[in-house]
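This briefing goes through one protein model together with its bound ligand, and it is meant to be read with the structure open. Please take each group of points in turn and find the named parts as you read.

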Amino acid sequence: MRPFAYERTNDLVQAAHAGFQTGAGQTDADTQFLAGGTTLIDLMKLDVLTPRRVVDLNPLTAQHSAIEVTASGLRLGAMARMSAVADTPDVARDYPVIAQSLDLAASAQIRNMASLGGNVLQRTRCPYYRDPSWTACNKRHPGSGCSALEGVNVNHAVLGTDKSCISQYPGDFAVALVALGAQVELLGPDGPRVIAFDTLHRGPEGKPHIETTLKPGELITAFQVPAGAWTRRSLYLKIRNRQSYEFAISSAAVALDLDGGVVRAARIGLGGMAYRPWRSKEAEAVLTGKPLTEANAEAAARAALAGAVTHGGNAYKPELARRTLVRALLQTAAMEA
Ligand code: FAD
Ligand code: SF4
C-alpha cells in the first residue's frame with residue numbers, strides 16, 4: 001500500500017468538493033471515498049487503486065442510512081449497511097428481491113461493514129485486474145490490452161462486453177435495483193441530481209477504466225425503488241460454486257405481476273453474466289400478456305441470452321443463465337403474494 005492523505009468529514013458538500021478537486025468517481029481517481037472499506041482497502045493493498053487522498057464518509061452514516069418503506073416506494077440511504085437493509089422486515093415483505101440480493105452476498109461480517117453505495121460501486125473480480133503483475137488490463141492501465149480475451153475467462157461476462165474488456169460485474173444488489181427500475185440520488189459540487197440506476201454504470205465502450213457516469217466528486221446519497229404491483233412477488237436466485245461467501249456465476253432477479261396465471265408485467269435482471277448490472281427488457285416483452293408456463297419461461301430466457309458472446313472458458317454461461325432464469329421465473333410465479 002502506498003502513502004495517502006486521510007480525511008474524515010461530516011459534511012457531504014465538503015466531501016463532494018474534496019473529490020472534485022482530484023477527480024473522484026473512477027478507477028484511476030486520485031481521491032476515493034471510504035465507506036465500509038471492504039472493496040477499497042483490498043484494492044489499495046493490491047496496488048490496483050492508488051489514491052493520493054481517501055475521504056472517510058463514516059461520520060455521515062447517521063444522516064444517510066435511513067431505510068424508508070412508504071406507499072410510493074422504498075428509499076435507502078447510501079450509507080445503510082447491507083445487513084441492516086436485508087434484516088428490515090418491511091423490506092423483506094414488500095421487496096423480497098432486494099432483501100435476498102443483500103442477504104445472499106459476501107459474509108455476515110462483510111454485510112455488517114459494507115454500505116449500499118460502496119456495494120454498487122464494487123469493482124470486477126477479474127484476476128488480471130486484481131493482479132498488477134499482469135501488464136495488459138485496459139481497466140487498470142488504459143490502452144494496455146486485455147489479458148482475459150485469450151486467457152482464463154471462465155467467469156467473464158457474455159453480455160454487454162466489447163474487445164476492450166470482458167469483465168463481469170460481480171454485485172448482487174445492483175441486479176435487483178436494475179430489475180426494479182430504481183433511481184439513484186447523487187450530490188456533487190454542482191448540487192443534487194437523480195438519475196436512473198441503469199445509467200449509473202457504463203459499458204466498456206473502449207474505455208473500461210471509466211466505469212460510471214458519476215461526475216468528478218459526485219457521491220451517491222440514496223436509492224429509490226418505485227412501488228409496483230410486482231415488488232411483493234419477487235425473488236433473487238443466486239447460483240454459485242459454494243453456498244456461502246461466494247460471488248454469483250449466474251443469478252436472476254425476477255418480479256412478476258400476475259393476473260391469474262397471466263403476466264401483466266415482468267421485471268427481470270441478470271447477474272454473473274454481464275459487464276454491468278443487466279436488465280432484460282427482451283425477456284420481459286416475451287412474457288407480457290402470456291401465461292407463465294415453462295415453455296414461455298424458456299422462450300423468455302432464450303430472448304435474454306440472444307446477444308451473448310462467449311470467449312472459450314465461459315462458453316457454459318449462456319445455458320446456465322437460461323436455466324437460472326427459467327427456474328427463477330417458475331419459483332416467482334409459485335409465490336404467495
Ligand atoms: P468501499 O470499499 O468503502 O468503497 C467502494 C468504492 O465505492 C470506492 O471506490 C469508494 O470510493 C466508492 N464509494 C463508497 N461509497 C460511496 C458513495 N456513497 N458515493 C460515491 N462513491 C462511494 N458483493 C456482492 O454483491 N456479492 C457477493 O457475493 C460478494 N462477496 C464478497 C466476498 C468477499 C470476500 C469480499 C471481500 C467482498 C464481497 N462482495 C460481494 C463485495 C462487497 O459486498 C463490497 O466490497 C461492499 O459492498 C463494498 O461496500 P463498502 O461500503 O465496503 O465500499
Ligand atoms: Fe482487464 Fe477487463 Fe481484460 Fe479483465 S477483462 S483483463 S478487467 S480489460
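In this model, which is predicted, ligand 1 is surrounded by 31 residues, and the closest of them are Gln 32, Thr 38, Thr 39, Ser 115 and Asp 172. Sorted by class, that shell is made up of 15 nonpolar, 11 polar and 5 charged residues. The points below begin with the ligand and then turn to two sheets.

**Contacts of the ligand**

- Ser 115, one of the closest residues, places a polar side-chain atom 2.7 Å from an oxygen atom of ligand 1.
- Phe 33 takes part through its backbone instead of its side chain, with a polar backbone atom 2.8 Å from an oxygen atom of the ligand.
- Ile 220 also contributes a polar backbone atom, and in this case the partner is a nitrogen atom of ligand 1, at 2.9 Å.
- Ligand 1 would expose 980 Å² if it were taken alone, and the protein buries 94% of that area.
- Two or more residues of the shell come from each of these elements: strand 2 (31-34), helix 2 (40-45), helix 7 (116-120) and strand 8 (219-226).

**The sheet of five strands**

- Strand 8, which contributes to the shell around the ligand, belongs to an open sheet of 5 strands with the order 4-5-8-6-7 and antiparallel pairing.
- The edges of this sheet are formed by strand 4 (67-70) and strand 7 (191-196), each of which pairs on one side only.
- From one strand to the next, the twist averages 20°.
- Strand 6 (residues 183-188) and strand 7 are joined by a hairpin through 2 residues, and they pair in the antiparallel sense over 6 bridges.
- Within this pair, Gly 188 has Gly 191 as its bridge partner, while Val 184 is matched with Ile 195.

**The sheet of four strands**

- A second open sheet is described here, with 4 strands in the order 9-10-11-12 and antiparallel pairing.
- Strand 9 (234-239) and strand 12 (278-279) each have a single partner strand, so one side of each is left without a neighbour in the sheet.
- Strand 10 (residues 250-259) and strand 11 (residues 262-271) pair in the antiparallel sense over 9 bridges, and one of the matched pairs is Ala 255 with Arg 267.

**Helices across the sheet of four strands**

- Helix 5 (residues 96-103) lies across strand 9 and strand 10, and its direction makes an angle of about 25° with strand 9.
- Helix 11 (residues 317-333) lies across strand 9, strand 10 and strand 11, running at about 35° to strand 10.

Technical notes
Residues are numbered from 1 along each chain as its sequence is written. Chains are lettered from A and ligands numbered from 1 in the order in which they are written. This is a predicted model: local features need pLDDT of at least 70, side-chain atom pairs count only at pLDDT 80 or more; totals for chains, interfaces and linings use all residues. Side-chain values use heavy atoms; hydrogens and water are left out. Two strands pair if DSSP finds at least two bridges between them. Contact means heavy atoms within 4.5 Å. Axes are lines fitted to C-alpha atoms, for helices over the stretch in contact, and angles run from 0 to 180 degrees between N-to-C directions. A residue is near a molecule or strand if one of its heavy atoms lies within 4 Å of it. A polar contact is a pair of N or O atoms within 3.5 Å; within protein, one must be able to donate a hydrogen and the other to accept it, and residues adjacent in sequence count only if both atoms are side-chain atoms. Accessible areas come from the Shrake-Rupley method with a 1.4 Å probe; for residues, only the protein chains shown count as cover. Ala, Val, Leu, Ile, Met, Phe, Trp, Tyr, Cys and Pro count as nonpolar, Asp, Glu, Lys and Arg as charged, and the others, Gly among them, as polar.
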